[in-house]
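Here are my notes on the structure you sent over. I've kept them as numbered points, so you can go through them with the model open beside you.

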Amino acid sequence: MGSTAIALVAAIVGVTGTLLAPVLAQRSGAKTQEAEFGRQQQAAQAQWEREQQQAELALRRACYITTNAAYRRYRTEQMNYLWHVRRDRVTEALREQLEAARHAGHAALAEAQMVASPAVLAQLDDVGKLLSEGYRRIMCLEEGIPDEGDTFEVIGEYLVWIWERWEEMRAVMRADLGLANSLAGPPGDGAP
């Protein structure tokens, strides 16, 4: 090969390199940008998922607080109503308070059914049934047709016993929210 051929090959390689350099640099830059875009997308997705989890947790927490408060009010109103039944001092205002608490408990349960975990929902259903049973027993007593063995004291003890179930319900709610269950006591062993 002569020096002319070598010079020609060198010129071709040089021109080719000069022409390909921007293309190769552009491809390399595009790959770098694509990788960076992928990392940004992953980070954005992870951030969105964290925000969704936090929003769901906040929604469950608010719902659990509402339900707990509504159930507590319903139980308190039952105890108050029972006390007035015993003294034969039931008024229309007391009936309305009890009914308002009852409806608030039902509404809170309906909301919880949309967001509560299965474990929490099972507890809410159980306590809701116990509260409904307390209401029924109080109404029967007031009407003078109590269940066999039901007295003011027996129904009062039943409403106190519900509190033990309450602790179980609250412990399951706290566990579902990722909180320590230090407030939970031993489960109750049966209804009076």
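1. First, keep in mind that this is a predicted model. Let's begin where H1 stops: the helix is followed by Asp-88, whose phi is positive, near 55 degrees. Asp-88 sits in the loop that runs between H1 and H2. A positive phi like this one, near 55 degrees, occurs here in a residue other than glycine. For background, most residues other than glycine have a negative phi. Is Asp-88 buried or exposed? Its relative accessible area is 72%, and exposed means over 50%, so Asp-88 is exposed.

2. Now look back along H1 itself. This helix has 84 residues, and its first and last C-alpha atoms are 122 Å apart, close to the 124 Å expected at 1.5 Å a residue. There is a kink in H1, though: about 35 degrees at Leu-20, shortly before the proline Pro-22.

3. H3 and H4 can be checked with the ruler you just used on H1. H3 has 25 residues and reaches 36 Å between its end C-alpha atoms, close to the expected 36 Å. H4 covers residues 152-176, which is 25 residues, so at 1.5 Å a residue it should span 36 Å; its end C-alpha atoms are indeed 36 Å apart. Glycines turn up after these helices: Gly-144 comes just after H3 with a positive phi of about 85 degrees, and Gly-178 comes just after H4 with a positive phi of about 80 degrees.

4. Which residues of H4 are buried? Among them are Ile-155, Tyr-158, Leu-159, Trp-161, Ile-162 and Arg-165, and further along Trp-166, Met-169 and Met-173. Notice that the list also takes in two arginines, Arg-165 and Arg-170. The cover over the buried residues of H4 includes helix H1 (3-86) and helix H3 (118-142).

5. Next, the nonpolar core. The largest one has 32 residues, and the members that touch the most others are Tyr-71, Leu-124 and Ile-162. H1, helix H2 (92-115), H3 and H4 each supply at least two residues of this core. Which helix gives the most? That's H3, with ten residues. In general terms, nonpolar side chains tend to be buried together in soluble globular proteins.

6. Take Leu-124 as a worked example. Leaving aside neighbours within four places in sequence, Leu-124 is in contact with Thr-67, Tyr-71, Leu-109, Ala-112, Met-169 and Met-173. Met-169 and Met-173 should ring a bell, as they were among the buried residues of H4.

7. Aromatic rings deserve their own point, and the structure holds four aromatic pairs. In one of them, the rings of Tyr-71 and Trp-166 have centres 6.3 Å apart and planes at 70 degrees, so this pair is edge-to-face. Because Tyr-71 lies in helix H1 and Trp-166 in helix H4, the pair ties together parts that are 95 residues apart in sequence. Both Tyr-71 and Trp-166 are buried. Add Trp-163, and you have one aromatic cluster of Tyr-71, Trp-163 and Trp-166.

8. Another pair is Tyr-74 with Tyr-135. Their ring centres are 6.4 Å apart and their planes are at 45 degrees, so the pair is tilted. Tyr-74 lies in helix H1 and Tyr-135 in helix H3, so this pair links parts that are 61 residues apart in sequence. Both Tyr-74 and Tyr-135 are buried. Tyr-135 also has Arg-102 over its face, at 4.5 Å from the ring centre. Likewise, Arg-137 lies over the face of Tyr-158, at 4.5 Å from the ring centre.

9. Tyr-74 and Tyr-135 come up again around Leu-98, which lies in helix H2. With a relative accessible area of 2%, Leu-98 is buried. Beyond neighbours within four places in sequence, the contacts of Leu-98 are Tyr-74, Glu-77, Gln-78, Tyr-81, Tyr-135 and Met-139.

10. Last, a look at Asp-176, which lies in helix H4. At 23% relative accessibility, Asp-176 counts as partly exposed. Leaving aside neighbours within four places in sequence, Asp-176 is in contact with Arg-60, Tyr-64, Ser-117 and Val-120. Asp-176 and Arg-61 are 115 residues apart in sequence, yet their C-alpha atoms are 9.2 Å apart in space.

Notes:
Residues numbered from 1 in each chain as written. Heavy atoms only, no water. Helix = DSSP H or I, 4+ residues; strand = E, 2+ residues; numbered from the N terminus. Expected span 1.5 Å × (residues − 1). Buried < 20%, exposed > 50% of the residue type's maximum accessible area, 1.4 Å probe, protein only. Contact = heavy atoms within 4.5 Å. Phe/Tyr/Trp six-rings, centres within 6.5 Å; stacked < 30°, edge-to-face > 60°. Lys NZ or Arg CZ within 6 Å of the ring centre and 35° of its normal. Bend = angle between axes of the 7 residues up to and from the residue. Core = buried A, V, L, I, M, F, W, Y, C linked by side-chain atoms within 4.5 Å.
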